[in-house]
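Here's a short tour of a protein model, written for someone who is new to reading structures. Keep the 3D view open and follow along as we go.

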Amino acid sequence: MRLLAAPLQGVTDCAWRHFHSFHYPESLDCYLTPFVRMEKGEPRGRDMRDVCSELNAGVATVTQIIFSGPEEFGTLTEALVKEGIRRIDLNIGCPFPLQVKRGRGAGMTERIEVLAAVRREMEQWIGDVEFSAKMRAGVNDSSRWEDMMEEVEKMPLQWVTIHPRTARQQYGGEPDLDLFGRMAAATHHKVVYNGDVRTLADFRAIMQRFPQIDGVMIGRGLCGRPSLAAEIESGREWTAEERLQRVMALHTDMRSYYERTMCGEAQIVGKLQAMWEYAESEIGRKAWKAIRKANGLRGYDKAISLIGRG
């Protein structure tokens, strides 16, 4: 059974992936990077720096790309291959309006002919690159996936990750598990489930209902509870004390790294705040709100001291 870390823009950067893999070793099969995209006619610099960072050494990663058509797809793939990257995930499910309006991410469900052209472009990379894909049900219409799946079926994919929501829903409401079942049944590819897995019980419920799937991808649940993959792997829910001890060790290393590599308190605090974005239920609302409000290291340290105090 495959267990993957989903990419979250602004959160799961190379430092988070590196230190998470150190503090929670062997809990995940791989980490997907936040997507690499085009900017001013070339792969965005900061995206490339993240996926090419030395912090990725020894960490099993799959680099995700987002594109508006075969030209962008080809440019991004070529740039990554030149850097020695051979595992690439196609983001055809991003729900963010700015990307969707540009025909990227989930916008591809409305542009099947363009997706077909991308699929043909992929063929020249067979043997050099292992591809996977992550998709949603559609933009507004949850039946749009049916046309997309016809093209996905023709792609040379190691697996396809399915998030059973539309782009309009973003992350609101409950994932439609009946919809996921229909989507999973419509493909011959190995299927990975994604959507609202926040506890060991959530994981078990998904695997009980869909025992035939190849794996589960966890995103916000893992960022909010970094021990989640390790708990799933061990089959045991950690105590609050165990979780707190390990996450604070992770925080210490990430803070040290950011203090060495960034200039100015605002930058450092901003990166550290992102680590706690989805952790309200783990650290308590009082600490979580104080962390979000901190605008300097002194205020941030005071907020961090509230964690574990109830």
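## Starting at strand S9

Let's begin with strand S9, which covers residues 191-194. Val-191 and Tyr-193 point one way from the strand, while Val-192 and Asn-194 point the other way. Which are they, buried or exposed? All four named residues are buried. Keep in mind that what you're looking at is a predicted model.

S9 has a partner on each of two sides we can follow here. With S8 it pairs in the parallel sense, over three bridges, and Tyr-193 in S9 is the bridge partner of Ile-162. With S10 it is also joined by three bridges, and that pair runs parallel too. There, Asn-194 has Met-217 in S10 as its bridge partner.

## The barrel

Now zoom out. How many strands close into a barrel? Eight of them do, in the order S1-S2-S5-S6-S7-S8-S9-S10, and the pairing is parallel. On average, neighbouring strands of this sheet are turned by 25° against each other, if you ignore direction.

How does the chain get from one strand to another? Take S8 and S9: together with helix H7 (residues 177-185) they make a right-handed β-α-β unit. S9, helix H8 (residues 200-209) and S10 make a right-handed unit of this kind as well. So do S7, helix H6 (residues 145-152) and S8.

## Strand S7 and its neighbours

Strand S7 takes in residues 130-138, and six bridges join it to strand S8 (residues 157-166). The two run parallel. If you want spots to click on, Ala-133 stands opposite Val-160 in S8, and Arg-136 stands opposite His-163 in S8.

On another side, six bridges link S7 to strand S6 (residues 87-92), again running parallel. Here you can find Ile-88 opposite Phe-131 in S7. Why is S7 described as largely enclosed by the rest of the structure? Because eight of its nine residues are buried, where buried means under 20% relative accessible area.

## The largest pocket

Next, look for open space. The largest pocket has a volume of about 560 Å³. It is lined by 25 residues, and the closest to its centre are Asp-13, Arg-46, Asp-47, Asp-50 and Lys-271.

Helices have a share in this lining: H1 (14-23), H2 (45-52) and H11 (240-261) each supply at least two residues. Which element gives the most? That's H2, with five residues. Sorted by character, the lining of the largest pocket has eleven nonpolar, six polar and eight charged residues.

## The second largest pocket

The second largest pocket holds about 470 Å³ of space. Its lining is made up of 29 residues, and those nearest its centre are Pro-7, Leu-8, Phe-96, Lys-134 and Tyr-171.

Some familiar names come back here. S7, strand S10 (215-218) and helix H9 (220-224) are the elements that give two or more residues to the lining of the second largest pocket. What is the mix of residues in that lining? They divide into 14 nonpolar, nine polar and six charged.

Terms used:
Residues numbered from 1 in each chain as written. Predicted model: local features only at pLDDT ≥ 70, side-chain atom pairs only at ≥ 80, totals over all residues. Heavy atoms only, no water. Pairing = 2+ DSSP bridges. Axes fitted to C-alpha atoms, helices over the stretch in contact; angles between N-to-C directions. 1 Å grid on protein atoms, 1.4 Å probe; cavity = no way out; pocket = protein on both sides within 12 Å on 5 of 7 lines; lining within 4 Å. Points joined across faces, edges and corners; volume = space filled by probe spheres on them. Nonpolar A, V, L, I, M, F, W, Y, C, P; charged D, E, K, R; others polar. Buried < 20%, exposed > 50% of the residue type's maximum accessible area, 1.4 Å probe, protein only. Right-handed = clockwise from strand over helix to strand, strands pointing away.
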